[in-house]
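Biologist: I've got the model open next to the sequence, and I'd like a close look at one part of it. Could you walk me through the aromatic cluster and what surrounds it?

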Amino acid sequence: MTYSVEKSDAEWRAELTPEQYAVLRQAGTERPWTGELLDEQRAGLYTCAACGSELFQSGTKFDSHCGWPSFYESIRPEAVELIDDSSHGMVRTEVRCANCGSHLGHVFPDGFGTPTGDRYCMNSLSLGFTPEASA
Ligand SMILES: [Zn+2]
């Protein structure tokens, strides 16, 4: 897969905080219940913390009680890349930003009660948030 945004490891290290680098570029996971976007309730747009690409709309965010920001659908199917991940002895689907290849989190088929039944379980550190301008 070739991404629109391609940067060297040194460039990513220089641009991101150490915490963001560990998640976005090394597929780490932030501790649950620590992310600053977990309780974000405002209307707005969620973007990739690495490249700024649009990823999720606030209307698809739901309270999954899993400790990470959760969405039932990406803003566009082509906004994210889904990859089979069998690390850590589990079979999961990794979610990456389709624009820069950075790790965002995983998607699980247990978004019960949502329109899609999917739960995009995202790291706060992987996301930026832009509140909608109030009228
Ligand atoms: Zn990105």
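Modeller: Sure, and keep in mind that this is a predicted model. Let's start with the sheet: methionine 122, in E8, is the bridge partner of glycine 105. That is part of the link between strand E7 (residues 103-108) and strand E8 (residues 119-122), which run antiparallel and are joined by four bridges. Zoom out a little and you'll see an open sheet of six strands, paired antiparallel in the order E3-E4-E8-E7-E6-E5. Its edges are strand E3 (61-62) and strand E5 (80-85), each of which pairs on one side only.

Now for the rings. The structure holds four aromatic pairs. One of them is phenylalanine 56 with phenylalanine 71, a stacked pair with 4.3 Å from centre to centre and 15 degrees between the planes. Phenylalanine 56 sits in strand E2 and phenylalanine 71 in strand E4 (residues 70-71), so this pair ties together parts that are 15 residues apart in sequence. Buried or exposed, phenylalanine 56 and phenylalanine 71? Both are buried. Ring pairs carry on from there, linking Tyr46, Phe56, Phe71, Tyr120 and Phe129 into a cluster.

Tyrosine 120 deserves a stop of its own. Setting aside neighbours within four places in sequence, its contacts include Phe56 and Phe71, along with Pro69, Tyr72, Val80, Leu82, Val95, His106 and Val107. Tyr120 also shows up in the largest nonpolar core, which has 21 residues; Leu55, Phe56, Tyr120, Met122 and Leu127 are the ones that touch the most other members. So the methionine we began with is on that list too. Helix H2 (18-24), E1, strand E2 (54-57), E6, E7, E8 and strand E9 (127-131) each give two or more residues to this core.

While you're there, have a look at the metal site. The zinc ion is held by the SG atoms of Cys48, Cys51, Cys97 and Cys100, at 2.3 to 2.4 Å. The angles among these four donor atoms are 105 to 112 degrees, and the site is tetrahedral. Along the sequence, the donor residues follow the spacing C-x2-C-x45-C-x2-C. Cysteine 48 belongs to strand E1 (residues 44-48) and cysteine 100 to the loop between strand E6 (92-97) and E7, so that pair ties together parts that are 52 residues apart in sequence. Cysteine 48 and cysteine 100 are both buried.

Definitions and conventions. Residues are numbered from 1 along each chain as its sequence is written. This is a predicted model: local features need pLDDT of at least 70, side-chain atom pairs count only at pLDDT 80 or more; totals for chains, interfaces and linings use all residues. Side-chain values use heavy atoms; hydrogens and water are left out. Two strands pair if DSSP finds at least two bridges between them. Donors are N, O and S atoms within 2.8 Å of the metal (3.2 Å for Na, K and Ca); water is not among the atoms, so sites may look incomplete. Four donors count as tetrahedral if all angles lie between 85 and 135 degrees; four count as square planar and six as octahedral if opposite donors are over 155 degrees apart and all others between 65 and 115; anything else is irregular. Buried means under 20% relative accessible area, exposed over 50%, partly exposed in between (1.4 Å probe, protein chains only). A nonpolar core is a set of buried Ala, Val, Leu, Ile, Met, Phe, Trp, Tyr and Cys residues joined through side-chain atoms within 4.5 Å. Contact means heavy atoms within 4.5 Å. Rings of Phe, Tyr and Trp (its six-membered ring) pair if their centres lie within 6.5 Å; planes under 30 degrees apart count as stacked, over 60 as edge-to-face and the rest as tilted.
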